[in-house]
Structures are given as C-alpha cells and as structure tokens.
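Q: Please take a close look at one part of this structure, beginning with a single helix and moving on to the charged side-chain pairs found elsewhere in the chain.

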Amino acid sequence: MTDTDLDSAALPSRSFESRPPLADDLPPVKPPSAGFIVQLFIFPALIVLGVVAIWWMFGLIAVGEQDWRKLVQELQSQNLHVRNRAMFGLAQVLEQDSRRGEQGQQLRGNREIAQALADQLVLELRKNSTAKEAVAIQEYLTRALGMMDSIDAVAPALLVALEPHREEDIRKSALVSLAYIAGRADEVGKPLGDSQIVQTLIGTSSESTPIIRQTSTFTLGLFNSPAVTQQLEVLVENPDRFTAVNAAIGLARRGSTKGFKVFRDALTEPLAKNDAKQPAEQSSTRPTPSGESSSSASSTLNTDPFGDQFRVQKNVLKAVTDLATRFDNEQRETLMPLVQQLASQHPEIRIRVDAEGALNSLKAAASRN
C-alpha cells in the first residue's frame with residue numbers, strides 16, 4: 001500500500017474526528033418566556049371563560065323568569081327550610097325584575113305573588129312568636145310586600161302587621177311598605193283612598209311613639225280622602241318637629257299652604273343647628289318612601305327614612321317649589337332669603353341644587369304678581 005493510499009484511507013477518519021460534536025451544530029434551547037405562555041394559553045382561556053360567563057348569566061335570567069311560580073308553590077311547603085328559601089328567593093326575584101324595568105316581567109303587579117307573600121305574612125304573624133328569627137322573618141315579609149302594587153291583596157296583611165301589640169319594627173315596616181305602594185300609585189295619577197287603611201293610619205298618626213307617629217303622618221299624606229286632609233291639618237300643629245313637617249308636606253301635595261310656618265322653621269333651623277352633614281351622609285342608604293325608584297324600594301328595606309334631616313330639607317324644598325305660586329307675597333318674601341342661604345351655603349350639593357330651583361320658582365311667582 002502506498003503512502004497515497006494510506007493518506008486516502010485516513011482521510012475519512014481524520015475528517016470525522018475534525019468535526020465538532022453534533023450538539024454544537026444546534027442553537028441553545030431556551031425555555032418559553034412568561035409573555036409567550038400568557039399569549040398562548042391565558043388569553044384564550046380568559047376569552048372562553050368570558051363566553052361561558054355570559055352564557056351562564058343569560059341562562060340565569062331565563063331561569064329567573066320562571067322561578068317565581070315554583071317559589072310561590074314552595075311558600076306553602078311544610079318544610080321550614082324550603083319555605084324560608086322560597087320567601088327570600090321570591091323577594092330577590094322581585095328585586096331583580098324591578099331593576100330590569102321595562103325589560104322585566106313587571107312582577108310588581110302580579111297578584112298571585114302578592115297574595116302568596118301576604119298569606120305567608122299573616123301565617124307568620126298569627127304565630128305571635130317573639131323569637132328573634134321569627135320577628136326577622138315577619139319584618140322581611142312585611143317590607144317585601146312594599147314591592148307589590150296589588151293593594152287589595154296586600155292591605156289586609158299589612159293591617160294585621162300594624163296591630164298595636166305587634167313589635168315596633170314590624171309596625172314601622174308595614175307603614176313604610178304602605179308608603180311605597182301609595183307613593184307609586186300617586187306618581188302615576190292613581191292615588192289610593194282605601195277607607196280602612198286611612199282610618200288605621202289616622203289612628204297610628206295619633207300615637208305617642210315618635211317613629212310610628214312620624215311615619216304614619218308621612219304615609220297618610222300619600223293617600224287621598226277628605227279625612228286625610230282633616231287629620232293632616234291637625235298634625236301640622238303637632239309639637240314634634242318631624243310629625244309637623246310630614247303633615248305640611250302632605251298638605252302641600254294637596255296644594256295647601258297651611259304648612260307655611262313649618263316650612264319656614266325647617267328651612268331656618270338646619271343651618272343654625274349645623275346638623276345638615278350627618279343626615280346627608282346617611283341618606284344614601286335609606287329608602288325613599290315616595291316610591292322614587294323601584295331599585296331603592298327593593299334594595300334598602302332595612303331602615304327608616306322619616307327622621308332624616310336631609311330628607312326633610314329635600315321634601316320641604318320640593319313643597320316650596322310646588323307651592324311657589326300659591327304663597328302670598330309676604331310668605332314668598334319670608335322664604336326667599338332662607339332658600340337663598342341654603343342654595344349658597346349648604347354643604348350638600350343636592351340640597352343646593354334643589355334650593356336653587358325653589359328660589360327660581362319663588363322669584364318667578366313674585367314677578368308675576
């Protein structure tokens with residue numbers, strides 16, 4: 001074998017040995033970054049979850065439209081847990097339907113639901129239990145009836161709840177519910193005038209317990225009958241400030257200025273007492289008994305609105321605005337500087353806005369005379 005042959009035979013071996021290892025021919029492997037993983041997996045997962053959530057939400061709405069019938073049936077159950085679940089569930093369905101407005105089923109006017117809740121309230125009240133849980137259920141049902149508009153269905157139960165021997169919170173809740181119902185009826189131009197309810201309210205508005213008297217007076221002012229007007233004219237002279245204010249507001253709804261002195265004092269005293277801030281802070285969690293909105297009626301069934309200074313000022317300013325053309329010149333001249341002071345100095349912007357509107361109404365009426 002020649003040297004050339006040896007060299008040729010050795011070439012492959014030398015060529016192979018001269019090459020670097022195979023692994024060195026590839027780029028180094030790097031783990032995927034967090035951003036890449038988010039783009040690849042997290043974002044698509046979130047999109048899928050969003051689609052599922054929307055589907056689930058619409059499914060709940062569709063089920064909720066039918067659930068009230070089942071809940072009404074379950075109110076008759078002998079099982080306490082089933083019955084209580086149906087009671088709270090039905091109130092929740094009513095609240096949700098009310099929030100949907102025109103898109104809802106208008107369950108507020110459903111007599112079947114109203115009657116079922118009323119029957120259950122009477123059943124609970126007739127037990128005459130003073131246990132904490134029993135009283136809580138009675139109060140809840142009493143306030144839930146305030147979401148219904150079938151006054152003939154709910155009135156008998158609410159009158160039972162107003163009986164003198166009932167717990168004060170139960171009686172107060174019945175008055176608030178009547179105020180809600182009557183307020184909504186008044187807003188649509190169909191004021192209520194049920195004689196039995198009116199006579200009951202006249203009686204409770206004369207009681208010695210301040211909160212019952214004050215709340216009864218406000219509620220009474222939302223009903224329409226000669227007996228109501230007569231009682232309000234008596235109550236406007238009541239030494240209790242809030243009772244007198246509620247009576248004056250009720251008279252103002254009838255176009256009467258007999259509460260002028262009460263309005264004057266109510267507009268004068270708040271700034272002198274420097275107590276306007278605290279009630280304004282509390283007012284956001286309190287119901288509006290005049291039925292201003294269905295959502296507040298259903299979502300704030302837990303406290304009383306009538307001793308609230310903020311609400312007093314707001315209602316007084318509305319009454320002054322409505323009566324601007326009915327006051328005589330001397331009365332308007334007395335009220336204008338008081339309203340002006342509220343418009344410029346009150347710490348709550350909503351009161352300042354209402355005061356400005358009342359002031360403009362008073363000035364416009366004065367300019368025409």
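A: The buried residues of helix α3 are R83, N84, A86, M87, G89, L90, A91, V93, L94, E95, D97 and S98. This is a predicted model, and the values given here are computed from its atoms. Helix α3 itself covers residues 80–99, 20 residues in total. From its first C-alpha to its last, α3 reaches 29 Å, close to the 28 Å expected at 1.5 Å a residue.

Both ends of the helix can be described. At the N-terminal end, N79 acts as the cap of α3, with a side-chain oxygen 2.9 Å from the backbone nitrogen of H81. After the helix comes G101, which has a positive phi, near 60 degrees.

The charged pairs can be considered next. Side chains of opposite charge can pair when their charged atoms come close. The structure holds 15 salt bridges, among them one between the side chains of D149 and R184, with an N to O distance of 2.8 Å. D149 is located in the loop between α5 (132–144) and α6 (151–161), whereas R184 belongs to helix α7 (residues 168–187), so this pair ties together parts that are 35 residues apart in sequence. The two partners can also be described by their accessibility: D149 is partly exposed, at a relative accessible area of 36%, while R184 is buried, at 10%.

Helix α7 also contains a salt bridge between K172 and D169, whose closest N and O atoms are 3.8 Å apart. K172 and D169 are three residues apart in this helix, and are therefore separated by about one helical turn. Here K172 is buried, with a relative accessible area of 15%, and D169 counts as partly exposed at 36% relative accessibility.

A further salt bridge joins D240 and R213, the closest N and O atoms being 3.7 Å apart. D240 sits in the loop between α10 (226–235) and α11 (241–252), and R213 in helix α9 (residues 210–220), so the pair ties together parts that are 27 residues apart in sequence. Both partners fall under the 20% cut-off for burial: D240 is buried with a relative accessible area of 17%, and R213 counts as buried at 10% relative accessibility.

Finally, some salt bridges are linked through shared partners: R126, E163 and R166 are joined into one network in this way.

Conventions
Residues numbered from 1 in each chain as written. Predicted model: local features only at pLDDT ≥ 70, side-chain atom pairs only at ≥ 80, totals over all residues. Heavy atoms only, no water. Salt bridge = Lys/Arg side-chain N within 4 Å of Asp/Glu carboxyl O. Helix = DSSP H or I, 4+ residues; strand = E, 2+ residues; numbered from the N terminus. Buried < 20%, exposed > 50% of the residue type's maximum accessible area, 1.4 Å probe, protein only. Expected span 1.5 Å × (residues − 1). Polar contact = N/O pair within 3.5 Å; in protein donor to acceptor, adjacent residues only side chain to side chain.
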